[in-house]
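Please open the structure in the viewer and display the side chains. The tour below proceeds from one selection to the next.

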Amino acid sequence: MSLPDRKKYAGDTRRLLLAFDIGTTFSGISYSILDPGIIPEIRPVTRYPCQEHVGGDSKIPTVIYYDSAGKICAIGAETLKEGIEQDAEENGWTKAWWFKLHLRPKPQTTSASVRQVDEALPPLPPSKTVVQLFRDYMKYLLECAKKYISDSHGQTVWTSLQNNIIFVLTHPNGWGGPQQGQMRQAAIQASLVPNTEDGRSRINFVTEGEASLHFCLSNGLALANTQQSGVLIVDAGGGTVDLTAYCSLPDYSFEEIAIPQCHFQGAAFVTMRAKKFFEKLLSGTRFSDDVETLTMRFDRNTKHVFRKDDEPHHIQFGNHRDRDPSLNIRGGRLTLTGCDVAKFFEPSISCIVEAIKAQKSAAHVPIQSVFLVGGFSASSWLFDKVRERIEPLGLSVSRPDAHVNKAVSNGAVSFYLDSAVTSRVSPRTYGISVYYPYDSSDPDHRKRGHLVEIHCATREPVLHEGFSTILPKDTRVRTSQEFRCSFSRQAVERRSLNCLRATILAYSGLQKSPVWIDSDPLNYPTACTVEVDTTSLPVQMTTSATGARYFEISFEIILLFGLTELQAQIAYRQNGQEKRGRAQVIYEGN
Ligand SMILES: Nc1ncnc2c1ncn2[C@@H]1O[C@H](COP(=O)(O)OP(=O)(O)OP(=O)(O)O)[C@@H](O)[C@H]1O
Ligand SMILES: [Mg+2]
C-alpha cells in the first residue's frame with residue numbers, strides 16, 4: 001500500500017514549505033515549493049555552507065560551539081571542519097551537543113532508565129537554556145535553507161517566499177504540548193515567524209514516527225496488505241528510538257493502531273556506554289586523558305563498522321610507542337574484543353526488541369512487518385540482531401536502503417502535503433477535576449464525608465477531587481473528532497467569571513475509569529490549561545436551594561486530541577443556537 005498520487009496544490013499563491021528535523025546528533029532540512037495548480041515535490045537540502053564533501057543524503061551535526069561570552073563560534077556543518085576540537089580547546093569554546101534531549105519530558109518518578117539518560121547527557125553550556133540553543137540552531141537552519149533555495153531556484157524566489165513560510169518541526173514520539181510550546185518559542189525567537197496568531201500558526205509539528213511513515217509511503221515502500229495487518233515503523237536515531245504502528249484504511253489513509261512509544265536508546269547511548277568502558281579501563285593510568293579521543297573515534301568509526309562479535313576492533317589514539325599489554329594497548333592502538341562492543345549495543349537492541357513485542361501485543365490489528373529507519377538502523381549489527389530475535393515471532397523486519405537518514409525531514413514535508421494519518425491513539429486518559437454535590441446515599445460520598453465543603457457561591461455541600469474523563473487512554477481518535485466537556489463556574493461577582501481557566505489533567509495510573517483524584521493523587525499531572533475569554537458569553541443570575549444569589553456561566557470546552565497538536569475551542573448557546581468561541585491552550589513553563 002502506498003499513497004495515492006499527490007494532488008495539485010490548491011492554494012492561490014506560491015508558498016514555501018520548510019521542514020526542520022533537529023535530531024539529537026544530526027539535523028536535516030527538506031522543503032517543497034507550493035505552486036498553485038502544480039503537484040508539489042519534496043526536496044532535501046543537500047548542501048550546507050562550509051560542508052567539505054557533498055553527499056546526496058547529507059545531514060549536518062546538531063552541534064554548536066560558543067565562546068566564553070556566549071557567542072556562536074561554529075555551528076552545524078561548520079563543526080565538521082578538520083581540527084575543530086583543537087580550536088575549541090585552545091580558545092576555550094564550549095561545545096553544545098545532544099542538547100535536544102534536554103527538552104525531553106521529565107517523568108515524575110526517577111527510574112533507572114531516567115537516571116541513565118540524566119547521567120549520559122552532556123550539560124548545557126553555562127548560562128544557556130535549551131530554548132536558546134534551539135533558537136540559535138533554527139536560525140542557522142533557516143540561513144542554510146535560504147542559501148540552498150536561493151542558489152537552486154534563484155534569489156528572487158527566496159525573497160518572494162521568505163515572509164510567509166510554512167514550517168514543520170519534528171519531535172520524538174513521546175513529546176507533547178510542553179515541548180512543542182518551547183520549540184515554537186524558539187522558532188519565534190529565531191525569527192522564523194513573528195509572534196502573532198498567524199505567525200504561531202505557521203509552525204506545525206509532527207512526530208518523528210509519523211514523519212517516518214510518510215517517508216516510507218512517499219518512497220513507495222511496500223507496506224502491503226496493511227488493511228488486514230499492521231506495519232510498525234521503528235525510527236532508530238541518535239537519541240531516541242520511536243515506534244509507531246499503523247494499518248491502512250480503505251480510503252488509503254492510515255490509522256495508528258497502538259500508543260506510539262519513545263525510548264532513549266539511540267546510537268548515542270552506545271557511544272556513551274563505550275565511553276564509560278574507556279573511563280573505567282583507563283582511570284588512574286597514563287592514558288586517562290585519551291578517553292575523549294577514543295570515544296570520538298569509536299563514535300565515528302568502530303560503531304559504524306561493527307558487525308561480528310568474534311573479531312577484535314582496534315582504535316588508534318596515540319603514538320606508536322604507546323604500549324601497555326595489560327590494557328590491550330599496543331602501538332598506540334586500543335584493542336576491544338567484539339564481545340565488549342556487542343555489550344555497548346546490547347541495551348539498545350534489547351530495548352528495541354522489547355518495544356516491538358510490546359507494540360505487537362498492544363496493537364488493535366496484528367502487526368506483520370517492521371521497518372527500521374533512522375541513522376542507527378544503518379548498523380548491520382543492530383539490524384541483524386533485531387531481525388534474529390523478531391522474525392521467529394512471525395514478523396518480517398526490513399530497512400529501506402535509500403537515504404534512511406533523510407527520512408524524517410522528507411517525511412515531515414509529506415506529512416503536511418499528504419496527511420496520510422487520519423486517526424491516532426490517545427496516549428493517556430484526559431479529563432478535568434470536578435466537584436460533586438454531596439450525596440449521602442452514595443457510599444463513595446459517605447466515605448469522604450469529612451471532606452465535604454460548602455461551595456463559596458451556591459452555599460451547598462460539595463465534594464471536590466472528582467475526576468471527569470474527557471478522553472480515555474488507548475482510544476482511537478479521528479483527526480477531526482471533537483471531545484466535549486461541560487464547564488460551569490459560579491461566582492458572587494460577574495467579573496470573577498470574565499477570564500476562566502480550565503486545567504486539563506492527564507491520568508497516568510492504572511485505573512480503567514478514574515473517578516476520584518484522591519484515590520491515586522500522584523497520577524494526575526496537569527496536561528495543559530485551557531484559557532477562555534468569557535466576556536461575551538451569556539451569564540445567568542441564579543438562586544440556590546439555600547437562597548444564595550450568584551452568577552453562573554456554562555459552556556462546553558471542545559478539545560481536538562486527534563491532531564499532532566492539541567487544540568481547544570468553546571461552544572455555548574445563545575438565542576437557541578450553538579456558538580463557537582476561541583480558547584487558548586497553555587502549557588506550564590511556556
Ligand atoms: N552504521 C552505523 N552504525 C551505528 N550507528 C550509526 C551508523 N550510522 C549512523 N549511526 C548513528 O546514527 C545516528 C544518526 O542517526 P539519525 O540521524 O537518525 O539520528 P538523529 O536524528 O540525530 O537522532 P534522533 O532522531 O534520535 O533525535 C548517529 O548517532 C550515528 O552515530
Ligand atoms: Mg532523527
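The stops that follow concern aromatic rings and the charges placed over them.

This is a predicted model, in which local features need pLDDT of at least 70 and side-chain atom pairs count only at pLDDT 80 or more, while totals for chains, interfaces and linings use all residues. Residues are numbered from 1 along each chain as its sequence is written, and side-chain values use heavy atoms, with hydrogens and water left out.

The structure holds 21 aromatic pairs. Rings of Phe, Tyr and Trp (its six-membered ring) pair if their centres lie within 6.5 Å; planes under 30 degrees apart count as stacked, over 60 as edge-to-face and the rest as tilted.

Select phenylalanine 306 and tryptophan 381 first. Their ring centres are 4.8 Å apart and their planes stand at 55 degrees, so the pair is tilted. Phenylalanine 306 lies in the loop between α9 (291–305) and β14 (313–316) and tryptophan 381 in helix α11 (residues 380–390), so the pair ties together parts 75 residues apart in sequence. Both phenylalanine 306 and tryptophan 381 are buried (under 20% relative accessible area, with a 1.4 Å probe and protein chains only).

Next, select tyrosine 436 and tryptophan 516, an edge-to-face pair with 4.9 Å centre to centre and 75 degrees between the planes. Tyrosine 436 belongs to strand β20 (residues 429–437), whereas tryptophan 516 is in the loop between β25 (499–507) and β26 (526–533), 80 residues apart. Tryptophan 516 counts as buried because its relative accessibility is 6%.

Now add arginine 448: its charged end sits over the ring of tryptophan 516, 4.0 Å from the centre (CZ of Arg or NZ of Lys within 6 Å of the ring centre and within 35 degrees of the ring normal).

Finally, select Phe99, Phe134, Tyr137 and Tyr140, which form one aromatic cluster.

Definitions and conventions: Chains are lettered from A and ligands numbered from 1 in the order in which they are written. Helices (H or I, at least four residues) and strands (E, at least two) are DSSP runs, numbered from the N terminus. Buried means under 20% relative accessible area, exposed over 50%, partly exposed in between (1.4 Å probe, protein chains only).
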